[in-house]
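Q: I'm new to this structure and would love a close look at a single part of it: the aromatic rings. Could you walk me through them and then show me what surrounds them?

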Amino acid sequence: MHSLGRIIGIGLVAAAAVTTAACGSDTDSGSSSSSVAAGNSASTGLECTADEVKVSGGFGEAPEITIPDTCDPPKTLIVKDLVAGSGPGAAAGQPLTMNYELVTWSDKQVLDSSFQRGKPFGLTLGAGQVIQGWDEGLIGVQQGTRRLLIVPPNLGYGEGGNGVPPNETLVFVTDAVQVGR
């Protein structure tokens, strides 16, 4: 599996290039492959909330993420703390060390996991090293926090790349192993 750094770096470039196209519109785009989420066969007309995505496991453990079939992927970034941390919240420019699991909305499968590799991922918040959904969604995260991020295509990989289907909604469970130095 590709490392998150490579996937996110390439995805950031792709997302920037297709932000307008990936946002979609309320006009009839039908059930073509450019629908809100790749592989979504039928819309329910109701967007999911963070509470409808189920996550089991505690901080430091590989999570189990269950995405419902009863609602559509959200069109905006969803951020929800599942386990509270402590200390100062992360700000742009700070180094973070994160564990994460990534599940794609359309097929509900794990695409990447630092938990499975046994090695956390380091980044500088707000430096464009990761997808925009992470740079925005991890602002304020405290060390010890387990955070759910549901990232719409325009803040993720847009038209896709490195194994991510086009217009895919991404579901991350992240653990803030270290905030700052």
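A: Happy to! Let's begin with contacts across the whole protein: among those with a separation of 6 or more, 74% are between residues 24 or more positions apart. Keep in mind that this is a predicted model. The protein has 3 helices and 8 strands, and along the sequence they follow the pattern α-β-β-β-β-β-α-β-α-β-β.

Now to the rings. Searching the whole structure turns up 4 aromatic pairs. One of them joins Tyr100 and Trp134: the ring centres are 5.7 Å apart and the planes meet at 80°, so this pair is edge-to-face, a label given to angles over 60 degrees. This pair links distant parts of the chain, since Tyr100 sits in strand β4 (residues 95–104) and Trp134 in helix α3 (residues 132–137), 34 residues apart.

How accessible are these two residues? Tyr100 has 0% relative accessibility and therefore counts as buried. Trp134 also counts as buried, because its relative accessibility is 0%.

Trp134 takes part in another pair, with Phe172. Here the ring centres of Trp134 and Phe172 are 5.4 Å apart and the planes stand at 75°, so this pair is edge-to-face too. Because Trp134 belongs to helix α3 and Phe172 to strand β8 (residues 170–179), the pair ties together parts that lie 38 residues apart in sequence. Phe172 is buried as well, with a relative accessible area of 0%.

Put these rings together and you have one aromatic cluster, formed by Tyr100, Phe121, Trp134 and Phe172. Trp134 in helix α3 is thus paired with Tyr100 of strand β4 and with Phe172 of strand β8.

Elsewhere, a covalent link also joins separate parts of the chain. The count of disulfides comes to 1: Cys48 and Cys71, with their sulfur atoms 1.6 Å apart. The link of Cys48 and Cys71 is right-handed, with 80° about the S-S bond. Cys48 is in the loop between α1 (4–23) and β1 (54–56), while Cys71 is in the loop between β2 (64–66) and β3 (78–83), so this pair ties together parts 23 residues apart in sequence. Both cysteines, Cys48 and Cys71, are buried.

To step back to the whole protein, 43% of its 181 residues count as buried; Tyr100, Trp134 and Phe172 are among them. As for the outside, the accessible surface comes to about 8400 Å², and 51% of that surface belongs to carbon and sulfur atoms.

Notes:
Residues numbered from 1 in each chain as written. Predicted model: local features only at pLDDT ≥ 70, side-chain atom pairs only at ≥ 80, totals over all residues. Heavy atoms only, no water. Phe/Tyr/Trp six-rings, centres within 6.5 Å; stacked < 30°, edge-to-face > 60°. Helix = DSSP H or I, 4+ residues; strand = E, 2+ residues; numbered from the N terminus. Buried < 20%, exposed > 50% of the residue type's maximum accessible area, 1.4 Å probe, protein only. Disulfide = S-S within 2.5 Å. Contact = heavy atoms within 4.5 Å. Areas by Shrake-Rupley, 256 points an atom, 1.4 Å probe, with all protein chains shown as cover.
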